[in-house]
Amino acid sequence: MIEAFADTIRRAAADGKTLRIRGGGSKDFYGVALEGDVLDTGSHAGIVDYDPSELVITVRSGTPLTEVESKLAECGQMLAFEPPHFGAGSTIGGAVASGFSGPRRAAAGSARDFVLGARVLDATGRDLSFGGQVMKNVAGYDLSRFIAGSFGTLALITELSLKVLPRPVAEATLCFEMDETQAIDAMNRWAGQPLPLSATCFVDGILWVRLSGAQAAVDAALQKLGGEQPPERTAFWTSLRNQSLPIFATASTLWRLSIRSTVGPLDLGPQLIEWNGALRWIAADLDPESVHRAAQTAGGHATLYRGGAKAAGIQRLAPPVLALHQRLKRALDPQGVFGRHRIHPEF
Amino acid sequence: MGKPELLDPTPDALVDRDELVRRLLAGLPRHCVLASREELKPYECDGLAAYREVPLAVALPENEAQVRHVLRTCNDARVPVVARGAGTGLSGGALPHPRGVTLGLSKMKSIVSIDPLARTAIVQPGVRNLAISEAVAQYGLYYAPDPSSQIACSIGGNIAENSGGVHCLKYGLTVHNVLKLRFITIDGEALELGGEGLDAAGLDLMALAIGSEGLLGVVTEITVKLLPKPQLARVVLAAFDSLEKAGEAVANVIAAGIIPAGLEMMDKLATGAVEQFVRAGYPLDAEAILLCESDGTPEEVAEEIERMSEVLRSSGATEIRLSKDEAERLKFWSGRKSAFPAVGRLMPDYFCMDGTIPKRQLGKVLRGIEALSKEFGLQCPNVFHAGDGNLHPLIMFDANVPGQQDIAVRFGAKILELCVEVGGTITGEHGVGIEKIDQMCVQFRPAELETFHAVKSAFDPMRLLNPGKAVPTLQRCAEMGSMHVHRGQEKFAHLPRF
């Protein structure tokens, strides 16, 4: 299979064509532009190696996310970054190439944080390995983590080694009725205390808090925080993770703002807050320039996530940072075989 | 000795020392530029004291504008630049370049700001790792990565090496605990990488910058993430009558769904060395001991300690001791934390290896190291971050005995090759530096090394930043391959070898 992919890449390079790497295609909605002929990784599937006591799983990039997660669940483990499933076809390669992380991100880390190693085909079809199957590895530049979130614009990921974690022994959910200012403050204060916080979300006047860990720790936190335990618990977090809550499902335009967690209410439109305040979703058709300015003032950046004119929705990079991106793209993919413009209109 | 063809192809400098110093002084005060023999001497090596070199000059900027001036000056004059933090690195990453400037960041040591609610601190690169935790302790927060040199090592150096520590299995490495960097490229341009949120626009340049060993740029400001300080920590000391059983116990703890805050192993040679140095109270008849720490709320710790102890017992521990208070916890750790100096007292010199392996290969690798120890006739106590498979074999030798350092270097190379052979890596947390430059040729194939060079060229086209370190030239690896054929005749670890 890898040889066939390498052939495709070499042929594309020879013909001056561009390839669009695609796993399940569940994130085709995202990004500035979809350019080039589809290179489908779905056929390159399967778990290569998994030893729960190593806390490492090595999988082919086309493996369905559900397959990876159910295999881990059998052994009481999980992908702690909780990648969203935007469709049945979501693949592990797509999860890492997008770099999208779910509700547990603020507590556990991002998709890139859990990448230990990657086997990739470069823009000339060479089969390369970076990182490894071990927890700690500082030999060479950290290209396997760099590739996470690059949306197939630098290399074709064929295999990934990911760190996995045990599923928490106990889990509980609490709800608090409060306003946005209070919720942002509460999330940040609690995140600064030794509490087993694994996710927070503020939407429609309710602050949702998920506690995960040892039974005793969860029980003690329930006592300490008060609030109410809602009847349906996991359903909420699953819908949050997969963006099927009403605010996501009905939004024709969805903005994503990644900012300093303590920034107060933004007043830009209907919104949902995650990651202890560091991630704000806004379901409104807004002027890109003003959103970008607001995000920048708040120490972060904004992206037009769904709907609207995508190119205008990408936050511009500072000129020297953009120039570095362009040099890196040229260094790793001089001919543009892996497509440009998916994550940014200027590279 | 180093051969001229092994030199990294750094361009010839356009100026001599006097002219370079004159240009540096155009942007730096007099006391920030060192150029006399006696002033340069303290900078001739870092924590890897076996390798020494005197730089052309040392620049000690006091602010970012001065850092930019040094880099611009060196770029214009085509002079190599070696960034240096506290100089505690163990792989020779801050070993000076004989034709280069050592850029010391030790004067930039202020904690710029602390935001307790957002749980972040902005610090300059010369701030000591432990000083961050000390400064934020009043808010119940701390900075998690804790390399054993944390009293002395600087955060800038931690960024360069992607440093780990005893607690990184649970809390991650430097790369997992940094939000934002001010990063100066060789042409003196200031870039902001990352952001105050949890991710940034564009590609993840921080992933490249962290752990790049001073080859891609110089960091002038770091925004670190802070974590709530656990209320309580307790440690279990478990003794085993064989290394294999101790190794299995490590796997069993993890398989039971426990991520200890720290999970460390020491073999008999190491505990013996340590007991002579600090009385940590380790059982000296045990072939191996494990230190298994739990942290969190008192309830959480009690629950986890019970589960850990059960697993350790059923894995064949001959003795289990639980720290009864903070003083005893620190005593149990004192031995582990002083393992390197303890070994240093037994022998004039030692090399500390840093391979990481899949944990299931522990038994095989330890037997391999034992066999190599006999073959080379040098003792080698072992301490490991067992939870993440990171080994620190300590090869003991006496550099005053002719030939013994060469033997130690060859022994070390064999250990690292063994780590690669079982699916591991030549360096878990100390970096490649100059020490492991040749083993990079064992771990990576030419096409992979070429990719590293392509990345380097996007940042530093003239290869002026820390040349000769971290990533070997293909030429060097080819040369090394032929040296392997003539094993025994190679003289492969002497300076100068840029």
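# Exercises on a predicted two-chain model

Arg360(B) and Asp49(A) are joined by a salt bridge, with their closest N and O atoms 3.0 Å apart; a salt bridge is a side-chain nitrogen of Lys or Arg within 4 Å of a carboxyl oxygen of Asp or Glu. This is a predicted model, in which local features need pLDDT of at least 70 and side-chain atom pairs count only at pLDDT 80 or more, while totals for chains, interfaces and linings use all residues. Side-chain values use heavy atoms, without hydrogens and water; residues are numbered from 1 along each chain as its sequence is written, and chains are lettered from A in the order in which they are written.

## Exercise 1: the interface

Describe the interface between chain B and chain A.

Step 1. Start with the contacts (heavy atoms within 4.5 Å). On chain B 83 residues are in contact with 69 residues of chain A.

Step 2. Take the buried area, that is, the accessible area (1.4 Å probe) that two parts lose on being put together, summed over both. For chain B and chain A this area is about 6400 Å², and carbon and sulfur atoms give 62% of it.

Step 3. Count the polar links. There are 8 salt bridges between chain B and chain A. Polar contacts are pairs of N or O atoms within 3.5 Å; within protein, one must be able to donate a hydrogen and the other to accept it, and residues adjacent in sequence count only if both atoms are side-chain atoms. Between chain B and chain A, 29 residue pairs are in polar contact, both residues at pLDDT 80 or more.

Step 4. Find the elements of chain B involved. Helices (H or I, at least four residues) and strands (E, at least two) are DSSP runs, numbered from the N terminus. Those that each supply at least two residues of the side of chain B that touches chain A include β9 (190–194), α8 (243–255) and α10 (298–314). The largest share, 10 residues, comes from α16(B).

## Exercise 2: the sheet of 5 strands

Which strands of this chain B sheet stand at the edges?

Step 1. Write the order: the open sheet of 5 strands runs β5-β6-β10-β8-β9 (chain B), with antiparallel pairing. Two strands pair if DSSP finds at least two bridges between them.

Step 2. Look for single partners. β5 (111–115) and β9 of chain B each have a single partner strand, so one side of each is left without a neighbour in the sheet.

Step 3. Check one pair. β8 (residues 178–184) of chain B and β9(B) pair in the antiparallel sense over 5 bridges. Phe183(B) has Leu191(B) in β9(B) as its bridge partner.

Step 4. Add the helix. α3 (residues 64–77) of chain B packs on the sheet, touching β8, β9 and β10 (218–225) of chain B, and its direction makes about 50° with that of β8(B). For such angles, axes are lines fitted to C-alpha atoms, for helices over the stretch in contact, and values run from 0 to 180 degrees between N-to-C directions.

## Exercise 3: the sheet of 7 strands

Trace the second sheet of chain B.

Step 1. This open, antiparallel sheet of 7 strands has the order β15-β12-β14-β13-β17-β18-β16 (chain B).

Step 2. β15 (319–322) and β16 (349–352) of chain B stand at the edges, each with a single partner strand, so each has one side without a neighbour in the sheet.

Step 3. Within the sheet, 6 bridges join β13 (residues 262–267) of chain B to β14 (residues 288–296) of chain B.
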